[in-house]
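Work through these exercises with the model open beside you. Each task is followed by a solution in steps.

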Amino acid sequence: MSSSLILLLIGVFKIASVQGYVTYTYDERNGKQYHISNEHEPFNLAKMNGRCKEIGGYLVEIEDYGEYMFVQRVINFVRGRGPFFTGLTDEQHEGRFLNYNDKTPAKYLRWRWFQPDNWYGEDCVEIGYRGSFNDIGCEKWGRYICEVPK
Ligand SMILES: [Ca+2]
Ligand SMILES: [Ca+2]
């Protein structure tokens, strides 16, 4: 099987990268681009969402299973060290996860076993390379995922 066919099957296409990011696009499904930051650095919701805005997007908001699967595949494809931060946070109200950018409620949650556990007050959400979500401290080091709509 050719590598291009494999890529087609998993639906992950790397396109020209934005500086500082590894960039993937999908779609026939939603046409969105996903940019994963290259640097491992202390996370900060406002700062990272602001950086996503600079490239026309916002911190990733996973809306359904299809998008979840795509983002998980991108993370597996990148293979770098995580955690990979999303735009979800429950910093305003414990246990109620909202998208940081527009404060809308999470539409799709797929927690890892025994998560979210709010361990020592974890209010941000990461996606691991094995998929599924974990609440994690918002100040932890990691990379973040921007979503850029059409
Ligand atoms: Ca929490
Ligand atoms: Ca946790």
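**Exercise 1. Fold layout**

In what order do the elements of the protein run from the N terminus on?

Solution. The model is predicted. Start with the count: the protein has three helices and ten strands. Then read along the chain: the order is α-β-β-β-β-α-β-α-β-β-β-β-β. Next, take the contacts with a separation of 6 or more: residues 24 or more positions apart account for 61% of them. Finally, check burial: buried residues make up 32% of the 150 residues.

**Exercise 2. Helix α3**

Test the length of helix α3 against its expected span, then find where its buried residues lie.

Solution. Step one is length. Helix α3 covers residues 65-78, which is 14 residues. At 1.5 Å a residue it should span 20 Å, and its end C-alpha atoms are 20 Å apart, so the two agree.

Step two is burial. The buried residues of α3 are Glu67, Phe70, Val71, Val74 and Ile75. Seen down the helix axis, they fall within an arc of 135°, so they line one face of α3. The general rule helps here: an α-helix has 3.6 residues a turn, so residues three or four places apart point the same way.

Step three is packing. The buried residues of α3 pack against β2 (21-25), β3 (33-37), β6 (84-89), β8 (124-127) and β10 (141-148).

Step four is the end of the helix. Arg79 follows α3, and its phi is positive, near 65°.

**Exercise 3. Asn76**

Classify Asn76 by its surroundings.

Solution. Asn76 sits in helix α3. Count neighbours: 13 other C-beta atoms lie within 10 Å of Asn76. Buried needs 20 or more, and exposed needs 12 or fewer. Asn76 is therefore partly exposed. Now look across the chain: Asn76 and Gly128 are 52 residues apart in sequence, yet their C-alpha atoms are separated by 8.9 Å.

**Exercise 4. Strand β6**

Which strands pair with β6, and in which sense?

Solution. Take the partners in turn.

- β8 runs antiparallel to β6, joined by three bridges; Phe85 has Glu126 as its bridge partner there.
- β10 pairs with β6 in the parallel sense over two bridges; Phe84 is partnered by Arg143.
- β7 (residues 98-99) pairs with β6 in the antiparallel sense over two bridges; Leu88 is partnered by Asn99.

Close with burial: six of the six residues of β6 are buried, so the strand is largely enclosed by the rest of the structure.

**Exercise 5. The core**

Which residues touch the most other members of the largest nonpolar core?

Solution. The core holds 29 residues. Leu59, Val71, Ile145 and Cys146 touch the most other members. Now follow Cys146: leaving aside neighbours within four places in sequence, its contacts include His35, Cys52, Tyr58 and Leu59.

Terms used:
Residues numbered from 1 in each chain as written. Chains lettered and ligands numbered in written order. Predicted model: local features only at pLDDT ≥ 70, side-chain atom pairs only at ≥ 80, totals over all residues. Helix = DSSP H or I, 4+ residues; strand = E, 2+ residues; numbered from the N terminus. Contact = placed C-beta atoms within 7 Å. Core = buried A, V, L, I, M, F, W, Y, C linked by C-beta atoms within 7 Å. Expected span 1.5 Å × (residues − 1). Arc of directions from axis to C-beta. Pairing = 2+ DSSP bridges.
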